[in-house]
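Colleague: I would like to learn how to read the features of a model such as this one, one at a time. Could we begin with a single residue and work outwards from there?

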Amino acid sequence: FLRPLGLRLLFPPHNPTGRVFTSQELTRLADFCMQRDIIICSDEIHSGLVLDKDKKHIPTACLDVEVAKKTITLMAPSKTYNLPGLGFSFAVISDPGLRKQFKNAMHGIVPHVNTFGFTAALAAYRDSGKWHGALLDYLRENSKIVEETISRIPGLTTTHVEATYLAWIDARGLGGNDPAGFFEKAGVGLSDGKDFGAPGFLRLNFGCPKKLLEESLAKMERAVLSG
């Protein structure tokens, strides 16, 4: 809806690679957009899931005042606090003119926030600090399990996940043209890299109980070794 102004989408932290962008990377991108009068739509829905303790999420709009004027920041508690079914999300838009355009485009398309969703979001952001800390510790352990297991499976490689609960796996070493289908037959459903423009890659969601994760990884390992 903002296409006449020029709109570019940004996903920090990144899905599916799990990267936390540095201030230098964000500044280079912002400078590029500012020079070309491009609006930045920054989807920061995974910002509460930074796993590496030496990394920090930097909101794009916080780079400087001029960047903020050209930025739409999208946020929601759904990923971090597992509330997607409650229908709560919000946008932070500091520029009044851009905010008006956004609201006009939403009219009749995007529903109002419901009371249940609002109450759940308030509880998540205000009262769930200890739970959030425990969640990050749990995900760090799961991420370690994924990295260690994938490293010993022939034909598969992955990179360290700095944020999110998503591992990006390079399965091109298996030699087939449908790694998602291969592992699905083994009982493990993974996101197909084709959907991200990267055939031969897979996205694994490790935001689950450790037992389920270990069982799934064991199935993947057996499938590769047997065949």
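Modeller: Let us start with threonine 164, bearing in mind throughout that this is a predicted model. A residue counts as buried when its relative accessible area is under 20%, and threonine 164, with a relative accessible area of 0%, is therefore buried.

Colleague: Where in the chain is the place of threonine 164, and what is notable about its phi?

Modeller: Threonine 164 sits in the loop between β5 and β6, and although it is not a glycine, its phi is positive, at about 80°. Aspartate 37 is likewise not a glycine and has a positive phi, of about 55°, but its place is in the loop between α1 and β2, and with 42% relative accessibility it counts as partly exposed.

Colleague: Returning to the loop between β5 and β6, is glutamate 162 buried or exposed, and which residues does it touch?

Modeller: Glutamate 162, which is found in that loop between β5 and β6, counts as buried at 12% relative accessibility. If residues up to four places away in sequence are set aside, glutamate 162 touches Gly18, Arg19, Val20, Val50, Leu51, Asp52 and Lys55.

Colleague: How should I read a charged residue of this kind, and with which side chain does glutamate 162 meet in a salt bridge?

Modeller: The general idea is that side chains of opposite charge can pair when their charged atoms come close. Here the side chains of glutamate 162 and arginine 19 form a salt bridge, with a distance of 3.4 Å from N to O. Arginine 19 belongs to the loop between β1 (7-10) and α1 (23-35), whereas glutamate 162 belongs to the loop between β5 (157-158) and β6 (166-170), so the pair ties together parts that lie 143 residues apart in sequence. In contrast to buried glutamate 162, arginine 19 is partly exposed, its relative accessible area being 29%.

Colleague: Which residues are linked with these two in a network of salt bridges, and how many salt bridges does the structure hold?

Modeller: The network links Arg19, Glu25, Asp52, Asp54, Lys55 and Glu162, and the structure holds eleven salt bridges. Another of these pairs is formed by aspartate 37 and lysine 70, whose closest N and O atoms are 2.2 Å apart. This pair also links distant parts of the chain, since aspartate 37 lies in the loop between α1 and β2 (39-43) and lysine 70 in the loop between α2 (65-69) and β3 (71-75), 33 residues apart. Both partners are partly exposed, aspartate 37 with a relative accessible area of 42% and lysine 70 with one of 26%.

Colleague: With which residue does aspartate 127 form a salt bridge?

Modeller: Aspartate 127 pairs with arginine 126, the closest N and O atoms being 3.2 Å apart. Arginine 126 counts as exposed, at 57% relative accessibility.

Colleague: What should I look for in the loop between β1 and α1, where proline 13 lies?

Modeller: There one should look at the peptide bonds, for a cis bond joins proline 12 and proline 13, with omega at about -10°. A further cis peptide bond joins asparagine 15 and proline 16, with omega at about 25°, and proline 16 is also placed in the loop between β1 and α1.

Colleague: Turning to the surface, which residues make the nonpolar patch?

Modeller: Phe90, Val92 and Tyr125 make a nonpolar surface patch of about 260 Å². Valine 92, one of the three, lies in strand β4 (residues 90-92) and counts as partly exposed, at 45% relative accessibility.

Colleague: How would you then describe the chain as a whole?

Modeller: The chain has eight helices and eight strands, and its C-alpha atoms fill a box of roughly 60 × 40 × 40 Å along the principal axes. Of its 227 residues, 42% count as buried, while the accessible surface comes to about 13,000 Å², 56% of which belongs to carbon and sulfur atoms. Among contacts between residues at least 6 apart in sequence, 71% join residues at least 24 apart. As for charge, the chain carries 27 positive and 24 negative side chains, and the centres of the two sets lie 4 Å apart.

Definitions and conventions:
Residues are numbered from 1 along each chain as its sequence is written. This is a predicted model: local features need pLDDT of at least 70, side-chain atom pairs count only at pLDDT 80 or more; totals for chains, interfaces and linings use all residues. Side-chain values use heavy atoms; hydrogens and water are left out. Helices (H or I, at least four residues) and strands (E, at least two) are DSSP runs, numbered from the N terminus. Buried means under 20% relative accessible area, exposed over 50%, partly exposed in between (1.4 Å probe, protein chains only). Contact means heavy atoms within 4.5 Å. Accessible areas come from the Shrake-Rupley method with a 1.4 Å probe; for residues, only the protein chains shown count as cover. Lys and Arg count as positive and Asp and Glu as negative; His and the chain ends are not counted. The place of a charge is taken as NZ of Lys, CZ of Arg, CG of Asp or CD of Glu. A salt bridge is a side-chain nitrogen of Lys or Arg within 4 Å of a carboxyl oxygen of Asp or Glu. Patches are made of residues with over 30% relative accessible area and no salt bridge: like charges are joined within 9 Å, nonpolar side chains (Val, Leu, Ile, Met, Phe, Trp, Tyr) within 5 Å.
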